[in-house]
Amino acid sequence: MENKRWVISLIAVWTGAIALFLYIPIFSVITSSFGKSRYFRFPVKAWSDKWYDQTLGANLTTDLHLTSFYVAGCVALIAVVLGFFGALAFARYNWRGRQFYQRLIMLPIFFPQAVLGLALLLWFTFVGVLPSWEAAVFAHLVWIVPIVTLVISIQVYGFDAAQEEAAYDLGANRWQAFREVTLPALAPGLFSGALFAFLLSWGNFPLSTFTTGADSTVTEWLYTKMGSGYTPMIPTMGALSVFGAIVILFGGYMFLIVQRRRRLERNE
Amino acid sequence: MVNAAPILRMVNLTKQFGRLVAVNDVSLDIQEGEFFTIVGPSGSGKTTLLRMLGGLEKPTAGDIFLRDERVNQVPANRRPTCMVFQSLALFNHKTVGQNIEFSLKMRGESRRARRERGLALMNVVQLPEDYYDKSVTKCSGGERQRVALARALASDPDILFFDEPLSAIDYRLRKLLEVELKDLHRTTGKTFVYITHSLEEAMVMSDRIGIMQEGRLIQIGSPNEIYLQPRNKFVSEFMGEVNTLAVQAGADGGIDCPAFERRFTSPVKPDGFTDGYLVIRPESMRFLNDPSEAENHLEGSLFNEYALGSRVQYHVSAGGSMFVVEKLREQAYQGGLNDDVLIGWDAKDSVLVTD
């Protein structure tokens, strides 16, 4: 017993140390955004919220976040729809060429993103698409749809196809079986797929930098600014972007929970 | 009732998947209210046959008639039949009540009518009422069986199909559910078509049994007929452990067993019997003190014994083969392993089958 307590406390210390090591950089970015100094310092000596005043006051901040949000929102929506049908083909049905398809779909994930971004820019120019945030949506999709497909596939693999047959057998037509059985059973996979898509797009730099053209996302601005002249607005913007993503995702999650509550209450 | 028009008729029913013939020329009539069980090892085509009857698979050739109406092309959702799947296929994201009422919801029945019927069915399958709002994922194995059963009964189908629903359940619960299923068959009066790989399970529940082997229905009969008059070696061995001896029809009405260079007295021979197998059930085999106590005997030695609760099983090694003898516990063999023993049987307790 004594011995066991020892082991448990050792594990706790070890885990704490790892977490500290990994999270201190993130934590330091957030603290330095509240620092008075013009430079990135840790620990912070004097505190101030002036960088927040400056950042929040700038139109730039809203524009950057809106662009990031448009891109990530569109990517999440389209990727989930494509990924859902892609995952059904990937994991639910057996068809000629499925193995080839399963390998083909992985290809973009292995491709270095910077090269992929450049290739896409050249391709867009060739077919006459002007670089813009809409073009960036397509670029992100090339890389993110395969990932979302894989994420949803995991859920599809765990789905007992006999459930669909049972629905038919109990009088459902194809559409009813889909709406009543297949879709709700796969919903958790769709949710995590959307989450992945949104976050991967929100934080993406290499694809955006080549394809957004005149539009700029938060990550692009951060990177450019770091290269061309550091200002404490960088950690501030970074922190804001993290808060923003948390608010959007948490808000979306709450919305789903409230919806489900309401549906259950209606069923009572 | 036996001579009424069958509720379900299969005529030369065949299903091919590519070059594989899963179901081969099956013709069978099932009577209204019957508990019919199709038994076969895995890969014998019994599940494919059931899926065709339920409308989940289309026949390659042959016809299916439901009350004299040809239903080959009628999809599952328009057939007055319902299936309990091997995996049960419960809707895991729904509650017990929602699962049971699914078919009623598809029909557009009101929420109140659905709830009323759902609760009534839960009563029929002995599920407590407060399970109505419980998630099916929180139910135990036996409770899930009951939910699946109630769900299948909800649409009031003419025929219920069962695709080995008890195969993944532990022995004691399975025995209990077998009895409940048979009782449910009595109380509902519906036609049950059940498939299983366990002839023991089939014997307990069924009015009639059909044995399937490699896509063909090779014997149909009551549990007693199948038990007492298996048509071939496959059916006799499917019953569980039996003793089989390769034999030929001999002179003066006896049968010759080349392996033991013996002539045994013969039970009733099938028409035109020349060679085949003599089957003796373990419980028909006796230990003898003297060869004169039975019509036929063999000398061997007691190799091992196994306690089976109410019975004891013995393996006796004789002439290079192992014979199984089973006795009630009260009549257990009094002696030790490696004893030289005499085992024997009477012709009336044996059966002749062909390959």
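This passage describes a sheet in chain B, the helix packed on it, and two loop residues of the same chain.

The model is predicted, so that local features require pLDDT of at least 70 and side-chain atom pairs count only at pLDDT 80 or more, whereas totals for chains, interfaces and linings use all residues. Residues are numbered from 1 along each chain as its sequence is written, and chains are lettered from A and ligands numbered from 1 in the order in which they are written.

In chain B, six strands make up an open sheet of mixed pairing, in the order β6-β7-β8-β3-β9-β10; strands (E, at least two residues) and helices (H or I, at least four) are DSSP runs numbered from the N terminus, and two strands pair if DSSP finds at least two bridges between them. Because β6 (81–84) and β10 (216–221) of chain B each have a single partner strand, they stand at the edges, and one side of each is left without a neighbour in the sheet. Neighbouring strands are turned by 20° against each other on average, direction ignored, with axes fitted to C-alpha atoms, for helices over the stretch in contact, and angles running from 0 to 180 degrees between N-to-C directions. Strands β3 (residues 35–39) and β8 (residues 191–196) of chain B run parallel and are joined by five bridges, and I38(B) has I195(B) as its bridge partner in β8(B). Helix α5 (residues 141–154) of chain B packs on the sheet, touching β6 and β7 (159–163) of chain B, where contact means C-beta atoms, placed from the backbone, within 7 Å.

R67(B), in the loop between β4 (61–66) and β5 (69–70) of chain B, has a positive phi of about 50° although it is not a glycine.
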